[in-house]
Amino acid sequence: MSQVRSICVYCGSSDRGPAAHRAAARHLGRLMAESGIQLVFGGGRVGLMGTIADSAMQAGGRVVGIIPEHLVRAEVGHADVSELIVVANMHTRKEIMFTRADGFVVLPGGPGTLDELFEILTWRQLGLHDKPVVIVNLDGYWDTLIALIESMIETDYARPSFRDFYTVVGRVEDVIPALRAATEPRVAAQTARL
Ligand code: AMP
């Protein structure tokens, strides 16, 4: 993609993961800000999502958080970002995160992160968008996920072309180059069908 302006990062809402993951989230937030790339995220202060948002803000970046009203307390709605959008429900959050981004990055996380990753991949599989998805496999965190996808392909529950819907990188330094190297989307996002 010649122009990467705005990237949505999906990541964990837990603060209890490895310190190396928090350091990576900080690093990615800074790299995005320094590259003039807007961060779109889930809008909370907790976990890696709070870490990456703080880091991008401190480095002078633009940060947009989208949070459902019912999670403002649980995920500590982040008031110190460029724009905080409070929405009625999870679906609206995901839709706005999708429409505001040119591409998606997945850092380590839990069930919510996986839900977001598979939604974006299956929307791509259905031809509803063609925006790039980069999975950051820090210290092999996502090895078992990648193995599961390979097993689905092996068993014919997923097509081999499913591999084309994401790129795996091992380091945050490789995220922005991977997004820039991605093919320009060939289809317009079909937001009305999400
Ligand atoms: P987690 O990876 O479980 O820490 O969640 C990361 C983020 O995903 C949190 O902000 C959750 O609110 C969000 N999330 C999105 N969709 C879901 C879902 N269907 N179930 C749980 N969390 C979700």
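A pocket is here an open set of grid points, computed over the protein atoms alone, with protein on both sides within 12 Å along at least five of seven lines. In this predicted model, the largest pocket has a volume of about 240 Å³, and its lining comprises 19 residues, with Glu 75, Arg 93, Gly 112, Thr 113 and Glu 116 lying nearest the centre. Two or more lining residues are contributed by each of strand E1 (6–10), H3 and H4, and H4 gives the most, with five residues. Classified by residue type, this lining holds eight nonpolar, six polar and five charged residues.

The largest pocket is also the space taken by the ligand, around which 16 residues are found, the closest being Ser 13, Glu 75, Gly 110, Gly 112 and Thr 113. Helix H3 (90–99) and helix H4 (111–125) are the elements that give two or more residues to this shell, to which H4 gives the most, with five residues. The shell divides into five nonpolar, six polar and five charged residues.

Oxygen atoms of the ligand are approached by both side-chain and backbone atoms: a side-chain N or O atom of Thr 113 lies at 2.6 Å, a polar side-chain atom of Ser 13 at 2.7 Å, and a backbone N or O atom of Pro 111 at 3.4 Å. Of the 490 Å² that the ligand exposes when taken alone, 76% is buried by the protein.

The second largest pocket encloses about 150 Å³ of space, and its lining includes Arg 124, Asp 164, Phe 165, Tyr 166 and Arg 186. By class, seven nonpolar, two polar and three charged residues make up this second lining.

Conventions: Residues are numbered from 1 along each chain as its sequence is written. This is a predicted model: local features need pLDDT of at least 70, side-chain atom pairs count only at pLDDT 80 or more; totals for chains, interfaces and linings use all residues. Side-chain values use heavy atoms; hydrogens and water are left out. A residue is near a molecule or strand if one of its heavy atoms lies within 4 Å of it. A polar contact is a pair of N or O atoms within 3.5 Å; within protein, one must be able to donate a hydrogen and the other to accept it, and residues adjacent in sequence count only if both atoms are side-chain atoms. Accessible areas come from the Shrake-Rupley method with a 1.4 Å probe; for residues, only the protein chains shown count as cover. On a 1 Å grid over the protein atoms alone, a cavity is a set of points where a 1.4 Å probe fits but cannot get out, and a pocket is an open set with protein on both sides within 12 Å along at least five of seven lines; lining residues have an atom within 4 Å of a point. A molecule sits in a cavity or pocket if more than half of its atoms lie within 2 Å of its grid points. Helices (H or I, at least four residues) and strands (E, at least two) are DSSP runs, numbered from the N terminus. Ala, Val, Leu, Ile, Met, Phe, Trp, Tyr, Cys and Pro count as nonpolar, Asp, Glu, Lys and Arg as charged, and the others, Gly among them, as polar. Grid points are joined across faces, edges and corners, and a volume is the space filled by probe spheres set on the points.
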